[in-house]
Amino acid sequence: MGGCFVKQGQPVYLSAAGANFDPAIYTNPDQVDIKRNVKENLIFGHGRHFCVGAHLAKAQVKCLLSQILELDNPELAAITFNPADFLGRNITRLSINHRLR
């Protein structure tokens with residue numbers, strides 16, 4: 001595994017927090033890139049472990065983004081992540097400044 005020797009019976013721990021953040025696969029994995037090829041991402045799991053709520057989550061993000069894009073000159077003010085989340089990637093607050101039309 002990645003050039004490391006694992007003895008038979010030795011435990012191996014996997015971290016879901018690292019999914020989609022491998023710099024060997026993704027250029028600048030910690031940056032949001034809406035043009036990134038996401039065909040091989042694991043954000044919703046894989047195979048029989050695929051998230052049953054994936055389609056709902058995608059619809060919610062699509063709705064959110066369409067609302068943001070309708071604002072006049074939207075500007076990201078702050079993003080707060082949930083520090084207690086073991087995956088470490090959940091946004092708990094997204095603040096956006098904009099001018100009223």
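From the N terminus on, the elements of the chain run α-β-β: one helix and two strands. Helices (H or I, at least four residues) and strands (E, at least two) are DSSP runs, numbered from the N terminus. The model is predicted, and local features need pLDDT of at least 70, side-chain atom pairs count only at pLDDT 80 or more, while totals for chains, interfaces and linings use all residues. Residues are numbered from 1 along each chain as its sequence is written, and side-chain values use heavy atoms, with hydrogens and water left out.

**The whole chain**

Start with the full C-alpha trace. Along its principal axes the trace spans about 65 × 30 × 25 Å. The radius of gyration of the chain is 18 Å, whereas a compact globule of 101 residues would have one near 13 Å. That radius is taken over C-alpha atoms, and the globule rule is 2.2 Å times the number of residues to the power 0.38.

Now switch on the surface. The accessible surface comes to about 9300 Å², and carbon and sulfur atoms account for 58% of that area. Accessible areas come from the Shrake-Rupley method with a 1.4 Å probe; for residues, only the protein chains shown count as cover. Of the 101 residues in the chain, 9% are buried. Buried means under 20% relative accessible area, exposed over 50%, and partly exposed in between (1.4 Å probe, protein chains only).

Colour the charged side chains next. There are 11 positive and 8 negative ones, and the centres of the two sets lie 5 Å apart. Lys and Arg count as positive and Asp and Glu as negative; His and the chain ends are not counted. The place of a charge is taken as NZ of Lys, CZ of Arg, CG of Asp or CD of Glu.

**Cysteines**

Select C4. C4 is exposed, with a relative accessible area of 53%. Then go to C51, which is partly exposed at 34%. How far is the sulfur of C51 from the closest cysteine sulfur? The distance is 18 Å, to the sulfur of C63, too far for a bond. A disulfide is a pair of cysteine sulfur atoms within 2.5 Å, and a search of the whole structure finds zero of them.

**The segment before α1**

Select N28, in the segment before α1. N28 is not a glycine, yet its phi is positive, about 50 degrees. Most residues other than glycine have a negative phi. N28 counts as partly exposed, with 44% relative accessibility.

Move on to I43, also in the segment before α1. I43 is exposed, at 58% relative accessibility. Add I91 to the selection: the C-alpha atoms of I43 and I91 are separated by 14 Å, with the two positions 48 residues apart along the chain counted as their spacing.

V52 lies in the segment before α1 too. At 87% relative accessibility, V52 counts as exposed. Select G53 after it, in the segment before α1 (54-69). G53 is partly exposed, at 24% relative accessibility. From G53 to N41, 12 residues apart along the chain, the C-alpha distance is 16 Å.

**Strand β1**

Select residues 72-81 for strand β1, where N73 is placed. Phi of N73 is near 55 degrees, a positive value in a residue other than glycine. N73 is partly exposed, with 47% relative accessibility.

**Strand β2**

Select residues 91-99, strand β2, and pick out I96 within the strand. Is I96 buried, partly exposed or exposed? I96 is partly exposed, because its relative accessibility is 25%.

Which residues does I96 contact, leaving aside its neighbours within four places in sequence? The partners are I68, L71, P74, E75 and A77. Contact means heavy atoms within 4.5 Å. Measure from I96 to I68 in the viewer: these residues are 28 apart along the chain, and their C-alpha atoms are separated by 8.3 Å. From I96 to V52, 44 residues apart in sequence, the C-alpha distance is 30 Å.

To finish, return to the full chain and show contacts between residues at least 6 apart in sequence: 28% of them join residues at least 24 apart.
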